[in-house]
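Visitor: I'd like a close look at a single part of this one, the sheet and whatever touches it. Could you walk me through it strand by strand?

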Amino acid sequence: MAAEDPSVSGVSGRYATALFELARDEQSVDQVRADLDKFEALLNESADLKRLVRSPVFAADAQLKALTAVLDKAGVSGTSAKFLKVLTANRRLFAVADVIRAYRALVAKFKGEATAEVTVAEQLSDKNLDALKAALKSVTGKDVALNVKVDPSIIGGLVVKLGSRMVDSSLRTKLNSIKNAMKEAG
C-alpha cells in the first residue's frame, strides 16, 4: 500500500503502513487516529516534548520512560501507545510527525476521503469549518478531512492545499501582488 501513495514512503511510510494494517486488523483505525492526533497536539504545545522527541542525546530508555509518562497522562493507550513505544525503542521517534501524516493519508485513502491543508489567520468557527468542508466536497465529490493551521502572518483570508491544487486567497498574497504591480507601474 505504501508504494501506491508517494506521500507515504521511506521510514515514516513503512511505520505508518505497519500501524495502519495493525489498526485495520484490530478495527481500531479511528481510535488510533484520535490518539495520534492527541499526541501531535501535545507535541505542538510543548517545546520540552518536541526536544525529547527530536534530540538524539536522550538515551532510548530515558526517552521511553518520559514518553510513557506523557502517554499515561494524556490517556493514550492500546495500539497507539505500544506503537509510539516501538518507535522510541527503535530510535525512530524523531520521525513521529511524518509517521502521523503518513498514517492520516492511509486512513483517508482507506475511507475514500481527501485531505486538505488549510492555513488561516485565526481559528475558524465550527460553522465556517463545516461550510469549507461542504465547498471542498462539492469540488472533489469526496468527504474532505481538514488539517487546519493558524498562521497570523497571512493577515486574513485562507490558503487551501488539496492534492496538487492550491488556492491562496490570503490578504498577504493580495497585498504583495498589489505592491509588485505598483513597482512595475512606477
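**The sheet, starting from its hairpin**

Guide: Let's start at the turn: strands E3 and E4 form a hairpin with two residues between them, and Gly-163 in that turn has a positive phi of about 65°. Keep in mind that this is a predicted model. E3 covers residues 158-162 and E4 covers residues 165-168. The two pair in the antiparallel sense, over four bridges. If you want one pair to look at, take Val-159, whose bridge partner in E4 is Asp-168.

Now step back to the sheet that this hairpin belongs to. It is an open sheet of four strands, ordered E2-E1-E3-E4, and its pairing is mixed. E2 (143-150) and E4 are the edge strands, each pairing on one side only. Ignoring direction, neighbouring strands here are turned by 15° against each other on average.

So where does the mix come from? Strands of a sheet pair through backbone hydrogen bonds, and they can do so in parallel or antiparallel fashion. On one side of E1 (residues 113-120) you have E3, antiparallel to E1 and joined to it by five bridges. On the other side E1 meets E2, and those two run parallel, with eight bridges joining them.

Val-118 is a handy place to see both pairings. Toward E3, Val-118 stands opposite Val-160; toward E2, Val-118 stands opposite Val-148. Further along the parallel pair, Glu-113 stands opposite Asp-143 in E2.

How covered is E1? Mostly: six of its eight residues are buried. Thr-119 in E1 makes a good example. Thr-119 counts as buried because its relative accessible area is 13%, under the 20% cut-off. Setting aside neighbours within four places in sequence, Thr-119 is in contact with Lys-149, Asp-151, Ile-154, Gly-157, Leu-158 and Val-159. As for which way side chains point, they alternate between the two faces of the sheet in a regular strand.

Next, look at what lies over the strands. Helix H7 (residues 126-140) lies across E1, E2, E3 and E4, and runs at about 130° to E2. There is also a charged link to find here: Lys-137 forms a salt bridge with Asp-143, with the closest N and O atoms 2.9 Å apart. Neither partner is buried: Lys-137 is partly exposed at 41% relative accessible area, and Asp-143 is partly exposed at 43%. Asp-143 is the residue you met a moment ago, standing opposite Glu-113.

Glu-113 is worth following too, as it takes you away from the strands. Asp-30, Arg-33, Lys-111 and Glu-113 are linked in a network of salt bridges. Side chains of opposite charge can pair when their charged atoms come close. Within the network, Lys-111 and Asp-30 form a salt bridge whose closest N and O atoms are 2.4 Å apart. That pair links distant parts of the chain, since Lys-111 sits in helix H6 (residues 96-111) and Asp-30 in helix H2, 81 residues apart. Arg-33 and Asp-30 also meet in a salt bridge, at 3.8 Å from N to O. This one is local: the two are three residues apart in helix H2 (residues 29-45), so about one helical turn separates them. On accessibility, Asp-30 is partly exposed at 42% and Lys-111 is partly exposed at 36%. The total count of salt bridges comes to eight.

One last stop, past the hairpin. Leu-171 belongs to helix H8 (residues 171-185) and, with a relative accessibility of 37%, counts as partly exposed. Leu-171 joins Ile-155, Leu-175, Ile-178 and Met-182 in a nonpolar patch on the surface, and together they have about 490 Å² of accessible area.

To pull the sheet back together: the order is E2-E1-E3-E4, with E1 parallel to E2 and antiparallel to E3, and with H7 lying across the four strands.

Conventions:
Residues are numbered from 1 along each chain as its sequence is written. This is a predicted model: local features need pLDDT of at least 70, side-chain atom pairs count only at pLDDT 80 or more; totals for chains, interfaces and linings use all residues. Side-chain values use heavy atoms; hydrogens and water are left out. Two strands pair if DSSP finds at least two bridges between them. Axes are lines fitted to C-alpha atoms, for helices over the stretch in contact, and angles run from 0 to 180 degrees between N-to-C directions. Contact means heavy atoms within 4.5 Å. Patches are made of residues with over 30% relative accessible area and no salt bridge: like charges are joined within 9 Å, nonpolar side chains (Val, Leu, Ile, Met, Phe, Trp, Tyr) within 5 Å. Accessible areas come from the Shrake-Rupley method with a 1.4 Å probe; for residues, only the protein chains shown count as cover. A salt bridge is a side-chain nitrogen of Lys or Arg within 4 Å of a carboxyl oxygen of Asp or Glu. Buried means under 20% relative accessible area, exposed over 50%, partly exposed in between (1.4 Å probe, protein chains only).
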